[in-house]
Each structure stands twice: as structure tokens, then as C-alpha cells.
Amino acid sequence: MTTFRWRPEARAGHARAGWLDTAHGSVPTPTFMPVGTVGTVKAMTMDSVRSTGAGIVLGNTYHLMLRPGAERVRALGGLHRFMDWPGPILTDSGGFQVMSLGPLRKLDQDGVTFRSHIDGSKHRLTPERSTDIQYALDATISMCFDECPALPAAPDVIAKSMRMSMRWAERCRTAFVQRPGYAQYGIIQGGTEPELRAESVKALTGIGFEGYAIGGLAVGEGQELMFSTLESTVPLIPDASPRYLMGVGTPDDLLGAVERGVDMFDCVMPTRAGRTARAYTERGTLNLRNARHATDSRPISPHCDCLACSRHSRAYLHHLFRANEILGPMLLTWHNLAYYQRLMRGMRAAIVDGAFTAHADHLRAQWAMDDWSGDEMPFPDIPPVA
Ligand SMILES: [Zn+2]
């Protein structure tokens, strides 16, 4: 039986390469988790997700509890079987989505009552209920149910919210059913106040979780504050525990956070961007709706082995988006996820090879060019169909 743990392989400063061992397989870290909101990574088949090299995906408790319902997923063999992802799955607690409902939700010391965005029906989430739902879904990694105030907020508001989340974390831990290879992560809150973050880490490590997430960042505070918060917070987390930065981010955010010791990420950016004609590349982003791509026979990236890049031109992608064809979002989501996975693999390999600093410099220099227009770029021809 597999014990859930993070195993270090190599280090470069604060950056770490390792393995996350779980009941559903081992995942190399640092890792990026594609977001599979309602049991699907939007516009992707699970085979296409696998082909990008993704090792772990994320599911959303809020969405799945409303539709099709956690008990139905459980009756159908759990989320792994239901969505055809035998690998590890991390589920969020539903907290973030529920808190985002604004006037549709009512918060008290015990939990949150809210109305479904689908049909207006009334529901309630508590630390215990959220933990039970994640168990029913068979999440490999469950997250604590917590509250995160919208920023900017006064320090006393952030402190009060963080302390309530810490009380909830204790209740989540009590409700969590421990099984070999499964994990529950505590979520560090406290805004951008180092003392509050430290208090939160102390409370959570006192309870004891298999991993720790940094929540409440990338909510509008800016990259500089996010990085300084990571610098003060991450070193307080036990070295043997996996660290997960929730909801982050751009390729540049990922690099900066890996440099500061983060192992796990999730973000809707690559998938959402893929549906809106925005491509991530080694040299910044491209908007494929832009007229300059209309006659461009080159692939999005010569370095990418995704289906979009290995078989199609920018001009074709441009045409698909202009014609509102569903294949456009499908191909570009695939490309963006392939890019994100390649980015993570590249960082990991550089840490292992002892070349991380040079690699980071190279990535930043390439992004800064942000220019694919030069004729000197060596683009290969599109290969003929075999
Ligand atoms: Zn591609």
C-alpha cells in the first residue's frame, strides 16, 4: 500500500524537484494540475490531457455537488472512474466558489448557506460536509473548507477570517477519513501579512496535514506582493510536506513560485485562454484572432508536439476562431496545456541537472522578446499526413 508522501530528488536554492506518491500513482514535482471543473477539462478528452504529460488533475466540489451530485459520482465508482482519470485527483473544498457567490450566500461561524447558480436551490456547506463530499468523490487529495475574504481588506478582517478558517481546518481534519495514499491539505490564509501567515502555518502544522496549500493569493494583490508573501511563508512549511499554491498562474508566476519552493499549481489560465484564441508560447502570448495570422503557414510553436502544432498552421487556427468553430478552442486548449506541462518539465529537469538559474534566465529572456514576427525564426514545415 502506498503511503502518501513527497520525496525530494534535487534542489536549487529554494526550488525543489521531487515525487508525490499517492494511492493513484506518483507524480513528478513541480507539477501543474489542469482544472477539470465539472469532471472534464473543458474542450479536452482525457487522452488528450494525458498526452500533454499531466500527472494530476483538479475537480471542483462546488460544481460536482450541485451536478451531478457527489453521491451519484460515488455510486458510479468515484470521480476517477466517472471521468476516466485513474491518476491522482485533487478536489477543492467548494469554499472559494461559494464565497464568490456574493449575495447568493450567507456565512456564519458554522458554515455557508447558499443558492445554486444553476437553479437557485438552497444548499449548505460546512467543514464536515465539504470533507464528506470530497470523500464521496474519492479525491486523492482533499482540501480544507475555508474562507478567504476579497482583497483589499483591513488586517483585522483578514485576521478574523483566517482564525475562523483555522477553526474550520480542525473540524475538516476530524471529519477526514484517513486511508493509505490519500491526503488532506490545510490551507494557509492571512492575506499579505507575514505575521498572520505565520500564525496560520502554526495553527495548521499543529493540527497536522499531509500537505499545505497557500490560499488567498493571486486575487489582485500583484505579483510582487505574492512573491514576497511566498518568501516569508513557504520556509515556515515543514520541508517534507508538499506545498501547493492555489489558483496560480501565468508562466512567469509559476517560475517565480517554483524558485520560492512551491511544488504544485492549478489555474484556469491555459484552458480559459485556449477558448478565447490566446496561445501561450516560449516567446510570450499570441492572439490567434489577430489578422496578422490569417496567411501565416507556420505552426504556433516549432517546439511543441501538440496536435495543433504538429498538424496545423496559425492561419488554420485563425480561421477556426474567426468562424467560431469548436475545433479552435479544442486545439488551442490542447496547445496551452502542452505548453504548461513542457514548462514544468523544463524547470524540473533544470533543477535536477543543476542548471536552474541559467534556465530561469533563459525563460525570462525568451518571454521578454514577446515577438514571433521575425523572419529569422526557424519554423519547420508542416509535416505531410502519413
Ligand atoms: Zn502546440
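In this predicted model, glycine 216 is buried, as 31 other C-beta atoms lie within 10 Å, and its place is in the loop between strand 13 (211–214) and helix 9 (223–233). When neighbours within four places in sequence are left aside, glycine 216 is in contact with Cys148, Gln189 and Gly191. Both Gly216 and Gln189 belong to the feature "binding site" in an unreviewed UniProt entry, which also places this feature at Asp92, Ser93, Gly94, Gly95, Phe96 and Asp146. The loop between strand 13 and helix 9 also holds alanine 218, a residue other than glycine whose phi is positive, near 60°. Most residues other than glycine have a negative phi. Alanine 218 is buried, because 20 other C-beta atoms are found within 10 Å and the criterion for burial is 20 or more.

The annotation "active site", likewise taken from the unreviewed UniProt entry, covers Asp92 and Asp266. Although these positions are spread over 175 residues of sequence, they cluster in space, with a largest C-alpha distance of 10.5 Å. Aspartate 92, which is also listed under "binding site" in the record, is found in the loop between strand 7 (89–91) and helix 5 (95–99), and it counts as buried because it has 29 C-beta neighbours inside 10 Å. Residues up to four places away in sequence not being counted, aspartate 92 touches Leu58, Asn60, Thr61 and Met143. Aspartate 266, by contrast, is found in strand 15 (residues 264–266), and it is buried, with 23 other C-beta atoms within 10 Å. Beyond its neighbours within four places in sequence, aspartate 266 is in contact with Met33, Val35, Leu58, Met246 and Gly247. Leu58 thus appears among the contacts of both aspartate 92 and aspartate 266.

Among the helices, helix 7 (residues 155–175) comprises 21 residues, which at 1.5 Å a residue should span 30 Å, and this agrees with the 30 Å that separates its end C-alpha atoms. Its buried residues are Ile158, Ser161, Met162, Ser165, Met166, Trp168, Ala169 and Cys172. The elements that cover these buried residues include helix 6 (127–137), strand 12 (183–188) and helix 8 (194–207).

A further helix contact is formed by helix 13 (residues 314–322) and helix 14 (residues 327–352), whose axes come within 8 Å and cross at roughly 135°; the two helices are therefore oblique to each other. In this contact, Leu317, Leu320 and Phe321 of helix 13 meet Leu327, Gly328, Leu331 and Leu332 of helix 14, and the residues involved divide into six nonpolar, one polar and no charged. The loop between helix 13 and helix 14 contains asparagine 324, another residue other than glycine with a positive phi, here near 55°. Asparagine 324 counts as exposed because it has 8 C-beta neighbours inside 10 Å, where 12 or fewer is the criterion, whereas alanine 218 is buried.

Two cis peptide bonds that precede proline may also be described. Most peptide bonds are trans. One cis bond joins threonine 29 and proline 30, with omega about 5°, and proline 30 has its place in the loop between strand 3 (25–29) and strand 4 (31–33). The other runs from arginine 67 to proline 68, with omega near 10°, and proline 68 lies in the loop between helix 2 (61–66) and helix 3 (70–75).

Key. Residues are numbered from 1 along each chain as its sequence is written. This is a predicted model: local features need pLDDT of at least 70, side-chain atom pairs count only at pLDDT 80 or more; totals for chains, interfaces and linings use all residues. UniProt positions are given in the numbering used here, feature names are shortened, and annotations may be inferred rather than shown by experiment. Helices (H or I, at least four residues) and strands (E, at least two) are DSSP runs, numbered from the N terminus. Two residues are in contact if their C-beta atoms, placed from the backbone, lie within 7 Å. The expected span of a helix is 1.5 Å times one less than its number of residues. Axes are lines fitted to C-alpha atoms, for helices over the stretch in contact, and angles run from 0 to 180 degrees between N-to-C directions. Angles under 35 degrees count as roughly parallel, over 145 as roughly antiparallel, 65 to 115 as roughly perpendicular and the rest as oblique. Ala, Val, Leu, Ile, Met, Phe, Trp, Tyr, Cys and Pro count as nonpolar, Asp, Glu, Lys and Arg as charged, and the others, Gly among them, as polar.
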